[in-house]
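Here are my notes for you on this structure, written as a colleague would jot them down. Have a look at the picture first, then read on.

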Amino acid sequence: MSTREALAALIERFTPEEGPVETCCPRVNLYRLTQPSEPNHGLHDPSFCVLAQGRKRVTVGEAVHEYDDRHFFLSSIDVPVTGQVVEASPEKPYLSFRIVLDANLISEMIMECGLAGRLDAAVTLVGGMSAGAMTPQLFDAVGRMVALLETPGDVAVMAPLIEREIIYRLLTGDQGPRLAQIARRDGRLRQVNRAIGWIKRHFDQPFSIEAVAEEARMSTSALHQHFKAVTSLSPLQYQKQIRLQEARRLILVQRLDAATAGHSVGYDSPSQFSREYARLFGAPPLRDVARLREQPEQMAGA
């Protein structure tokens with residue numbers, strides 16, 4: 001059995017039902033789906049995702065990323081995405097592993113392994129998301145992390161060691177510069193992250209590019225350039241997606257009517273809200289939410 005097949009067998013064992021499974025390993029979840037999914041919208045945390053079976057498409061702005069059981073998916077920044085499982089069946093379900101990345105651990109590993117000079121040489125800001133080639137070593141490490149679910153008493157000691165191995169493999173591979181961006185205390189990604197933080201805190205207020213630029217400590221032109229390079233979205237597009245995702249949650253979970261939800265996230269015009277909602281989610285609010293309630297739970301980041 002290959003390392004990939006061994007990982008698929010482990011994930012299948014610990015995901016007896018459809019959907020996400022939170023595990024006893026810190027920040028690790030598993031996911032199983034036996035049929036292709038509808039496009040699912042959500043905020044993607046900085047994370048490392050591996051597919052043992054199946055194929056997934058992640059869209060952010062105009063950028064489209066596809067990955068399968070030969071590639072991992074790496075995100076180095078919080079960004080609104082549309083995720084869709086495009087290959088899954090009852091005979092061969094979609095099976096995934098995901099760990100949310102720890103910036104402090106990445107920083108420690110860069111220093112302890114003497115990688116700062118090589119990674120700092122890659123000073124060009126790279127996009128916040130990418131697929132990279134899986135290796136037998138990465139499959140093996142991820143498999144050992146999942147196997148800890150058989151012996152929960154070992155997690156406290158063994159999970160941090162395996163996580164360090166995964167981070168080491170990523171830092172020394174082709175995606176090392178992208179991963180290293182998470183750990184940098186200054187630089188362009190840090191500035192873009194400050195801008196993202198401002199937008200997330202003030203998403204329901206009138207947009208001010210000057211206020212965002214001041215928070216990021218950048219000029220407005222530099223903010224536009226680097227924000228788009230990392231997120232594939234303009235700052236205004238980012239705010240709009242955050243607004244619409246929150247409105248969708250309010251309608252679905254709190255059962256607000258569309259006009260109230262739109263006003264709650266900053267829309268003064270119900271017709272504008274409905275148009276932009278339908279443009280992002282493919283249907284007006286009431287029809288979209290009715291469709292969602294008929295579907296099994298899904299996660300954009302799985």
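What follows is a set of numbered points on the sheet, the cores, the surface and the charged pairs.

1. A word on where this comes from: you're looking at a predicted model, so read each point with that in mind.

2. Let's begin with the sheet. It is an open one with six strands, and walking across it you meet E1, E2, E9, E4, E7 and E10, in that order. The pairing is antiparallel. On average, neighbouring strands here are turned by 20° against each other, direction ignored.

3. Which strands stand at the edges? They are E1 (19-22) and E10 (129-133). Each has a single partner strand, so one side of each is left without a neighbour in the sheet. If the idea of pairing is new to you, strands of a sheet pair through backbone hydrogen bonds, and the arrangement can be parallel or antiparallel.

4. Now look at E4, which covers residues 47-53. Six bridges join E4 to E9 (residues 94-100), and four bridges join E4 to E7 (residues 71-75). To find your way on screen, pick out Phe-48, which stands opposite Ile-99 in E9. Then try Cys-49, which has Phe-73 in E7 opposite.

5. Is E4 buried or exposed? Seven of the seven residues of E4 are buried, so the strand is largely enclosed by the rest of the structure.

6. On to the nonpolar cores. The largest has 47 residues, and those with the most contacts inside it are Val-79, Tyr-94, Leu-223, Phe-227, Tyr-238 and Phe-273. There is also a second, separate core of 43 residues, with Cys-25, Phe-97, Met-109 and Leu-179 among them.

7. Not every nonpolar side chain is tucked away, though: Val-157, Met-158 and Leu-161 make a nonpolar surface patch of about 270 Å². Val-157 belongs to helix H5 (residues 155-171). Why does Val-157 count as exposed? Its relative accessibility is 56%, and the cut-off for exposed is over 50%.

8. Next, the charged pairs. Side chains of opposite charge can pair when their charged atoms come close. The count of salt bridges in this model comes to 20. One of them joins Arg-4 and Asp-69, with the closest N and O atoms 3.9 Å apart. Arg-4 sits in helix H1 (residues 3-14) and Asp-69 in the loop between E6 (63-68) and E7, so this pair ties together parts that are 65 residues apart in sequence. Arg-4 is buried, at 18% relative accessible area.

9. Another salt bridge leads back to the sheet: Asp-45 meets Arg-98 at 3.4 Å, N to O. Asp-45 is in the loop between E3 (40-44) and E4, while Arg-98 is in E9, 53 residues apart. Asp-45 counts as partly exposed at 30% relative accessibility, whereas Arg-98 counts as buried at 6%.

10. A third one to check is between two helices. Lys-240 and Glu-276 meet at 3.6 Å, N to O. Lys-240 lies in H10 (residues 235-253) and Glu-276 in H12 (residues 270-281), 36 residues apart. Lys-240 is partly exposed, with 31% relative accessible area, and Glu-276 is buried, with 10%.

11. Finally, salt bridges can also join up into a group here: Arg-55, Arg-57, Glu-66 and Glu-87 are linked in a network.

Notes. Residues numbered from 1 in each chain as written. Predicted model: local features only at pLDDT ≥ 70, side-chain atom pairs only at ≥ 80, totals over all residues. Heavy atoms only, no water. Pairing = 2+ DSSP bridges. Axes fitted to C-alpha atoms, helices over the stretch in contact; angles between N-to-C directions. Patch = residues over 30% accessible without salt bridge, like charges linked within 9 Å, V, L, I, M, F, W, Y side chains within 5 Å. Areas by Shrake-Rupley, 256 points an atom, 1.4 Å probe, with all protein chains shown as cover. Salt bridge = Lys/Arg side-chain N within 4 Å of Asp/Glu carboxyl O. Buried < 20%, exposed > 50% of the residue type's maximum accessible area, 1.4 Å probe, protein only. Core = buried A, V, L, I, M, F, W, Y, C linked by side-chain atoms within 4.5 Å.
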